Amino acid sequence: MLKPTTVRMPDDFLKELNKFIRDRKLDKSAYLRDILRKGFDDDRRERLLSEYQAGRASLSDVCEKSGISVWEFFDLLRANNITANVTLEDWLDSRGLGEKSAA
């Protein structure tokens with residue numbers, strides 16, 4: 001179920017956004033929902049990577065919270081030029097994650 005919400009934006013950004021939506025004949029609500037979802041997913045992933053890098057989250061925590069497989073996580077680390085903090089515990093936990101995502 002969709003619920004309304006209110007967001008305040010600067011005039012210049014709102015004008016640019018409305019022009020972009022109008023020029024491409026997009027449905028404004030659908031476009032905003034889509035772009036908010038993408039932005040939220042990207043932000044969540046970045047924050048989880050930061051927590052992982054700082055040692056506050058394990059590999060399995062990040063995979064579970066971001067809904068990705070261990071292999072996707074390693075691809076994400078490589079894409080962001082981040083070294084893996086893999087411990088024996090992480091590796092053992094990740095074996096179960098790989099089986100869950102394959103099912």
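These legends accompany close-up views of a predicted model.

**View 1. The whole chain is built from helices, with zero strands.**
Welcome to the overview, a good place to get your bearings. The protein chain has five helices, and read along the sequence it follows the pattern α-α-α-α-α. Of the 103 residues in the chain, 22% are buried. Turning to contacts between residues at least 6 apart in sequence, 44% of them join residues at least 24 apart.

**View 2. Helices H1 and H2 cross at roughly 115 degrees.**
Two packed helices are described by the angle between their axes and the distance between the axes. Here the axes of H1 and H2 come within 10 Å, and the crossing is right-handed. On the H1 side, the contact is made by Leu-17, Asn-18, Phe-20 and Ile-21, and on the H2 side by Lys-28, Tyr-31 and Leu-32. Sorted by class, the residues of this contact are five nonpolar, one polar and one charged.

**View 3. The largest pocket has a volume of about 490 Å³.**
Let us look at what surrounds this space. The pocket is lined by 15 residues, and those nearest its centre are Thr-5, Val-7, Met-9, Leu-32 and Leu-36. Two elements give two or more residues to the lining, namely helix H1 (11-23) and helix H2 (28-53). The largest share, six residues, comes from H2. By class, the lining has ten nonpolar, two polar and three charged residues. Leu-32 may look familiar from the previous view, since this residue of H2 also takes part in the contact with H1.

**View 4. Lys-25 and Leu-26 sit in the loop between H1 and H2.**
Most residues other than glycine have a negative phi, and most peptide bonds are trans. Lys-25 is not a glycine, yet it has a positive phi of about 55 degrees. Lys-25 counts as exposed because its relative accessibility is 77%, and the cut-off for exposed is over 50%. Its neighbour in this view, Leu-26, is partly exposed, with a relative accessible area of 35%. Not counting residues up to four places away in sequence, Leu-26 touches Phe-20, Ile-21 and Tyr-31. Phe-20, Ile-21 and Tyr-31 are also among the residues that make the contact between H1 and H2, so you may like to keep View 2 at hand.

**View 5. Asn-81 lies in the loop between helix H4 (70-79) and helix H5 (88-102).**
Here is another backbone to inspect closely. Asn-81 has a positive phi of about 55 degrees although it is not a glycine. Asn-81 counts as exposed because its relative accessibility is 73%, and exposed means over 50%.

**View 6. Ile-68 is buried in the loop between helix H3 (59-66) and H4.**
Take a moment with the surroundings of this side chain. The relative accessibility of Ile-68 is 17%, so the residue falls under the 20% cut-off for buried. Leaving aside residues up to four places away in sequence, Ile-68 touches Cys-63, Phe-73 and Leu-76.

**View 7. Arg-45 and Cys-63 are 9.7 Å apart in space, C-alpha to C-alpha.**
This last view pairs two residues that are 18 residues apart in sequence. Arg-45 lies in helix H2. With a relative accessible area of 27%, Arg-45 is partly exposed, because this value lies between the 20% limit for buried and the 50% limit for exposed. Cys-63, the other partner, is one of the residues that Ile-68 touches, so View 6 makes a handy companion to this one.

Technical notes: Residues numbered from 1 in each chain as written. Predicted model: local features only at pLDDT ≥ 70, side-chain atom pairs only at ≥ 80, totals over all residues. Heavy atoms only, no water. 1 Å grid on protein atoms, 1.4 Å probe; cavity = no way out; pocket = protein on both sides within 12 Å on 5 of 7 lines; lining within 4 Å. Points joined across faces, edges and corners; volume = space filled by probe spheres on them. Helix = DSSP H or I, 4+ residues; strand = E, 2+ residues; numbered from the N terminus. Nonpolar A, V, L, I, M, F, W, Y, C, P; charged D, E, K, R; others polar. Axes fitted to C-alpha atoms, helices over the stretch in contact; angles between N-to-C directions. Left-handed = near helix turned anticlockwise from the far one by under 90°. Contact = heavy atoms within 4.5 Å. Buried < 20%, exposed > 50% of the residue type's maximum accessible area, 1.4 Å probe, protein only.
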